[in-house]
Each structure stands twice: as structure tokens, then as C-alpha cells.
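The following exercises ask the reader to work through a sheet, its packing and its confidence values. Each task is followed by a solution in steps.

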Amino acid sequence: MASSSSSGLTFKLHPLVIVNISDHYTRVKSQMNPPPPTSVTSNSNNSNGGENNQSPPRAYGCVIGVQRGRTVEIFNSFELLYDPSTHSLDRSFLEKKQELYKKVFPNFYVLGWYSTGNDAEESDMHIHKALMDVNESPVYVLLNPAINHAQKDLPVTIYESELHVIDGIPQLIFVRSSYTIETVEAERISVDHVAHLKPSGGSAATQLAAQLTGIHSAIKMLNSRIRVLHQYLVGMQKGDLPCENALLRQVSSLLRRLPATESEKFQDDFLTEYNDTLLVTYLATFTNCSSTMNDLVDKFNTAYDRHSRRGGRTAFI
Amino acid sequence: MDSAVAQKTWELENNILAAEAPDPSSDSIFHYDEVAQAKFLKDKPWANDPHFFKRVKISALALLKMVVHARSGGTIEVMGLMQGKTDGDAIIVMDAFALPVEGTETRVNAQADAYEYMVDYSQTNKQAGRLENVVGWYHSHPGYGCWLSGIDVSTQMLNQQFQEPFLAVVIDPTRTVSAGKVDIGAFRTYPEGYKPPDDHTSEYQTIPLNKIEDFGVHCKQYYALNITYFKSSLDSHLLDLLWNKYWVNTLSSSPLLGNGDYVAGQISDLAEKLEQAENQLIHSRIGPLGTSRKKEESQLAKITRDSSKITVEQVHGLMSQVLKNILFNSVGQQNRNEQPVSDPMIEA
């Protein structure tokens, strides 16, 4: 059912949405399977083991964001009520929630909906169609909550609906779209903070270490990705792997983009910034120096206090 | 070998507890036990001890929402509410949501339609399965640090009289972006007339000159709580995977570009403080020696600390710029050598 999308829209997803959906799912799951009380005996352990086999219901919600031209940026999300009997989402609830969110985030529109689960199902199409009168081409974000440590990729997929002719009947089916993770600086820092639990405060040395560690890991990732590409290219050169021209074209265009900027203006601005920072460092060291000097003079004066009580300077022995 | 020793030292210095991978059983924090909560509310153990709540646990989601909302306000203060529950002497914040109010210095409280919004939102949330109650409010101090102003203190005292348990959280989004780490503080006020038992020293932070009076007058009327963060097992799993896509953003972030105004403001503020300190120092030479000395010294020392902080942040920003320059701009010379893409990066 899911092939790749051809609509040409680019999707940008913010990490807040992912954390939102995950939180919703965890809540639903934990309310269904209440945790065992702190004093456990072996009996209650067994019974709780049996309880946990209940598969938690799917969590449903709405995603909101901005659509500018061909770019769809998903900023936020909120929960919705699902009615299992009619396989549809509670409409009045959606509208009420939408109104509330409009007051705080006036720019955001309903872009689509989300749910948790393994794969898109047939029943999802009903919900999708129902949402089409709010937004004529909604997106469907699916999060797979199963924790699979072998997985290297985010278990989040974005589906769009497209009209395809199957067996002579035009039908709406889900097609997968690619997306990128987009973030603002503040979001990145807080995600970093929670993900890696960096130390807060501390001496300048630890701050420096934290900053450099962050950049170091990012560069390591870049390095490993380039190595993968390199190995692939070497393999192609040796003839182990089939030659793929499309990939070669992409790699070549990537290489041609380096150096990133080589203009005179960039160099000038860069050096100006460099000099500004050096100046700030100079001033700070200056201040530090004068403060230490001040301390020294004061200590000196205090040490020779009995002389200065007569007022004015005195020769010191 | 050295690196292992260095890492252990670093961890020790910063009290980093070994992060045990949160397993599904620790997700129990997400369960809302209505009965236990109701009992706690009835007992009111905080009524007798103004210092009862000592810790705050903030969920990953709440932190993310609050910081994003605070940053979206730019230089305008924004505010919102936090939902959660209590757990012994800790307040747990599970979620946060924004309120449609604009902050100005003169607004004491949220307006009438904000109350309506609050009620509507809480109702819809309860329907959607978010059972927690409101346990506090947060607002932002863009650029001038995490502390409670006079108005904030009176608002919080009012809240603590009628809406216990309640917590006040302040976020500074500008400093967060500039320093590269989240600048957040959680506070509770003491009741009227209560004298705190010990003169605890909180972590020093720079306060701009125009706000320093407001800070000084009220800083004894509230105390800061210790903040820790938590996340569910699914959250940590997702965040780990997110890193696979995220490293690009880390590398491409340029803290210097976004915060030029803020840094300029800090420097000019520092200049004013220096002048003030200088005046005081000149006058003290004529006046009596002794205890008055200590104040000016510590003021100059404070200025020195502030200037070092600004410098450190600038240098960090510049470092990433220089690194990126080396990575992406200096490859031009190597490419002309007809070799396959050689690694310009330093090996780990």
C-alpha cells in the first residue's frame, strides 16, 4: 500500500511532535497497566506479568503547523478522542482544541493527524478522509512505539494520500513521503539537554568540554557517513557493486559544493568576527587583571594599615 | 588510560549519576494515581513547613514545550501553566501549555479570557486522557536571568495561598541559546513574614543593572528548588534515534549569529557596572577603611566573572565557526590533487 510519494512536497518535522506523540502513548499505556505497588511479593509479580500482555490501544491526535508553498512544517500536535465504534475521531473535540490552540499559536493550521502503531491500516483511511474537509491534503504521521534496539532509523513515517487507479477504480491510498528534522536553536539545546543530561553550570572547563564533546560527536557522525559513502564508491570502482549513475551524480554534486563559501566577503566577515571575539577576550583579561591588581593593592594597604591611619601615603619598610 | 581517568574525574566533579537506561518499569511515573493524589491534597503536609517541597522533576516534553514557547516570544515575556502531580517532597511536572497573554511589567495576573482558556484546556485535556491538575506556572525572562521579580513574588505568594501546591518556573530563552544550555529556575515563595533559617547561597548569575534593584529587594523572599529531568523509555529510545538525524543541526548551529543583540547589551551593561564600581572605589578611598572595602571588591570580582562568562560564550561560538570553516572551506586545496575524497577531519 505504501510506495513513495510523488507530490513533491517537502516535509519538515520538529522533535517536539515526536516527543509529544511518545508522551501520549506512554500515558495511555501506563494508565492501562497500572504499575505494581512498591511492596511486591512473588505472587503479584506473576499476575502483573499477565496483565502487561494487554496491547495498549492506539493513540490518536492531530498535528498542526505551517504550510508555505511546497514546504510543510509540522510544529506541534495535540491529542484527539477516538471512537472505536464508528472508527472516526471526535469532531467537536477537534474543533474545540483547534480553537484553543489558535489563540496561542495563531499561525498554525491543522495539517493532518497522527497515530501509533506498526503500519498504516485500512481503517486509517476513514479517518483520513474525514479530515479531508479540514485540510484538503492531510498528512498522516505514524509512530511505531515498539522499542527495537537494532533499529537505526527513527520509527516515524509520514504518509500522504494519493489517488491511484487500482483495478480500474480510482482509490485513495497511502504513500510514504520522506521528511527532514527541522529545529530551532532553543529546541535543539533542550533536546540535547534531556537526551544527554549535560552538566549545568560548573566551571568554564566543564562547559568547554561539554561544547567540544557535542561538536566532536557531530563530526564523528559526519565522518562515519562519509566513510560509508567512500566504501561504497570504492566498491563500485572495483566492480564489486553495480554502477549506479544516479548515486554517482549525487556524490559528484556534493563534492562540487565544497568549499562551501569562498567569497571575499565571507572571509572579511569571518575575520571581523574572529577579531571581535579576540577583542572581547582581551577586554575580559584586562578586567580580570585590574581586579586582581585592585585586590593586591587593598591587601597591601590593609597589611600596612597602621601607617595609613595618619592619612596620606607613607614610606613602607 | 588517561582518557578513562579524565572522564571519571569529570563525572565526579559534576555529580553525574550513571544514567541507567530507563526500563519500562520506570515509566510508572507517568501513571496518575487519582486516589493517592486526592489523599495528598487533603493532608496538606506543606501547610506547616514553608520549605516542604525541595525537588522538582520536569518531564522531557514539558521542558521542550516551555523552552520553545519562551523562545518564540522573542524579547517579550510569555507565560503558561504546568500540569503534574506531587510525590512526597517533589513536585513532578508532566506537561505544560501556553497561555494567550502578553507579558508586560505591569500585568499582575492572567486576564479573564486566560482563565477561560485555562478552564477549557483543562477540561479537554481530562477528556483526552491527561488527568493531571495544574501544579504551577512558568514565564520567561528573556535576557535577564532566572529569578522572581517583585510582581512575580506577589503573584506566587497569592497562588501559594489559594492554589497549593503551586510552583513558579522561570526560563531565560536568550541565555539558553547563548550559553548552549538550558537556563531555568524553579521557585517557591516563603509566606509573609517568614524568615528563612539559613542564608543559603544560590548559584550566581548576572543581572542587568536596571533589574538589579528588583532582584536584590526580593531575593530573600523565595527559595530555589533542585531541578531534575526525566523521560520515558520510549522517549529516550526516540531521542537516541533522533541523534542520527540531528547531528546535522548541531554542526550547523551558529550561536553567534542569533544573539548579537544580546551580547552587545551584555557588554554595554557591563560597562555601566564598571563605571559604578569605579565611582564607589574612588569614594571609598576618602571614606573609612574596613568593611566597606569588601563590597566594592566583590563588585569588581562580580564584574570580572560576568566578563569571563561573556567571553567564554563568544569563544565557544567562534570555535564552532572556525571548525566549520576548516571542515568545509579548506577542502578546496586538497581536491585539486586528483585524489579520492580524503579525510580532512581529525581522527577520534
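**Exercise 1. Neighbours of a strand**

β1(A) and β3(A) run parallel and are joined by 4 bridges. The model is predicted. Task: determine which residues stand opposite F11(A) and L13(A), and which face of β1(A) is covered.

Solution.
1. On the β3(A) side, F11(A) has V72(A) as its bridge partner.
2. β1(A) also pairs with β10(A), again in parallel, through 3 bridges. Here L13(A) lies opposite I181(A) of β10(A).
3. In a regular strand, side chains alternate between the two faces of the sheet. In β1(A), the covered face carries F11(A) and L13(A), while T10(A) and K12(A) belong to the uncovered one.

**Exercise 2. Order and edges of the sheet**

Task: state in what order the strands are arranged, and which strands stand at the edges.

Solution.
1. The sheet is open and consists of 8 strands of chain A, in the order β9-β8-β7-β6-β2-β3-β1-β10, with mixed pairing.
2. β9 (169–177) and β10 (179–181) of chain A each have a single partner strand, so one side of each lacks a neighbour in the sheet; these are the edges.
3. From one strand to the next, the twist averages 35°.
4. Within the sheet, β6 (residues 109–116) of chain A runs parallel to β7(A), with 5 bridges between them. One facing pair consists of Y114(A) and V141(A), the latter in β7(A).

**Exercise 3. Helices on the sheet**

Task: identify which strands are touched by helix α1 of chain A and by helix α8 of chain B.

Solution.
1. Helix α1 (residues 15–32) of chain A packs on the sheet and touches β1, β2, β3, β6, β7 and β10 of chain A; its direction makes about 25° with that of β3(A).
2. Helix α8 (residues 233–252) of chain B also packs on the sheet, touching β7 and β10 of chain A, and its direction makes about 90° with that of β10(A).

**Exercise 4. A loop residue**

Task: decide whether N144(A) counts as buried or exposed.

Solution.
1. N144(A) lies in the loop between β7 (139–143) and β8 (156–166) of chain A.
2. The cut-off for buried is under 20% relative accessible area. N144(A) has 19% relative accessibility and therefore counts as buried.
3. Apart from neighbours within four places in sequence, N144(A) contacts G117(A), N118(A) and P155(A).

**Exercise 5. Confidence**

Task: locate where confidence in chain A is lowest.

Solution.
1. The average pLDDT of chain A is 77, and 82% of the residues score at least 70.
2. The lowest mean, 39, belongs to helix α2 (residues 42–51) of chain A.
3. The pLDDT is below 50 over residues 38–53 of chain A, a stretch with 5 contacts in the model beyond near neighbours in sequence.

Methods
Residues are numbered from 1 along each chain as its sequence is written. Chains are lettered from A and ligands numbered from 1 in the order in which they are written. This is a predicted model: local features need pLDDT of at least 70, side-chain atom pairs count only at pLDDT 80 or more; totals for chains, interfaces and linings use all residues. Side-chain values use heavy atoms; hydrogens and water are left out. Helices (H or I, at least four residues) and strands (E, at least two) are DSSP runs, numbered from the N terminus. Buried means under 20% relative accessible area, exposed over 50%, partly exposed in between (1.4 Å probe, protein chains only). Contact means heavy atoms within 4.5 Å. pLDDT is the predictor's confidence in each residue, from 0 to 100. Two strands pair if DSSP finds at least two bridges between them. Axes are lines fitted to C-alpha atoms, for helices over the stretch in contact, and angles run from 0 to 180 degrees between N-to-C directions.
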